[in-house]
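Good morning, colleagues. Please turn your attention to the screen, where I shall present one interface.

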Protein chains: 2
Amino acid sequence: MAMSANGFIARDNDETPWSDEEWESFKQMCKSAGNIIIGRRTYELAVQDGNFPFEGGLNVVCSSKQIENKWGKSAVFVSSQEEAIEILSSKNFKTVMVGGGGNLNSQFIKAGLVDEIYLDVEPVVFGSGIPLFAPVDFEHKLELLEIKKLNNSTIQLHYKVIK
Amino acid sequence: MAMSANGFIARDNDETPWSDEEWESFKQMCKSAGNIIIGRRTYELAVQDGNFPFEGGLNVVCSSKQIENKWGKSAVFVSSQEEAIEILSSKNFKTVMVGGGGNLNSQFIKAGLVDEIYLDVEPVVFGSGIPLFAPVDFEHKLELLEIKKLNNSTIQLHYKVIK
């Protein structure tokens, strides 16, 4: 997930003014995992921006609202995180990339399904915005595995989630 | 400011489960600046935790509600950020440390009074909590000046605010 230095994954109006290097890193990670799970709103925004389906992987869209699949084999639409995991397991994926937004992130971490977190911290602070995790009751300790600079002012923090 | 990896400076109940190394860094920074400005709630919590006044500097408490000064010369109580800056200027301070909470941070950054930001990122994520900046309308680009490790999993990000 890309975010502002104070933890917002988008402006209030859903805009994501992130760096090219972050975008490249995101796409690369999606390719290496071979899949990505996203929520309905992230799907709608990716479609709107011409970014859907994300390249190099199976795009799994989690939505309680039924959505027609106009994307052929590159996308699957499911109604729950359990179904998303089931489908990816049945295809023998060992690594699953959870790609937001905040609601989906919260569902996955609250269910104990997040092993590692990559935070691409962009050099900007917003007064308000869409938080990394939609507000639900959880707390997880992390272990810092790596810090990487994506460009002069953007860093990637790689954490393990302690369970 | 110390915060969770997703931008919360405290749990919802005001608890701040930060590391000893972060606390040391905070106190050191207060000493080097020779001063700290904090808001009413941060003052009340610091008193409750036996941490007030912060050592090594003049403690300036910003509160619209009048508070009795029981702390002698180590503390000053003011009713606005302008008054806080005026007092510190009159004492020839060149560097002023803004020490939270979120409301005070937002007032200062929105007024264009923040030149640099130090974020001590602790290895924890909260589902919800007290945000680094209380929600107001602003956005500032930053420039990353330095990354420092305070311990194995806690990092300090030092940013310049682009104006």
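I shall describe the contact between the two chains, beginning with its extent.

This is a predicted model, in which local features need pLDDT of at least 70 and side-chain atom pairs count only at pLDDT 80 or more, while totals for chains, interfaces and linings use all residues. Residues are numbered from 1 along each chain as its sequence is written, chains are lettered from A in the order in which they are written, and side-chain values use heavy atoms, with hydrogens and water left out.

Chain A and chain B each give 34 residues to the contact, where contact means heavy atoms within 4.5 Å. Together they bury about 2500 Å², 62% of it on carbon and sulfur atoms; buried area is the accessible area (1.4 Å probe) that two parts lose on being put together, summed over both. On the side of chain A, Val125(A), Gly127(A) and Glu139(A) lose the most area to chain B, together 22% of what that side buries.

Let us turn to Glu139(A). Its side chain meets that of Arg11(B) in a salt bridge, at 2.7 Å from N to O. The count of salt bridges between the chains is two, by the criterion of a side-chain nitrogen of Lys or Arg within 4 Å of a carboxyl oxygen of Asp or Glu.

Glu139(A) also has a bridge partner, Phe126(B), in strand 7 of chain B. That strand, residues 124–126, pairs with strand 9 of chain A in the antiparallel sense over three bridges. Strands here are DSSP runs (E, at least two residues), numbered from the N terminus, and two strands pair if DSSP finds at least two bridges between them.

Methods. Helices (H or I, at least four residues) and strands (E, at least two) are DSSP runs, numbered from the N terminus.
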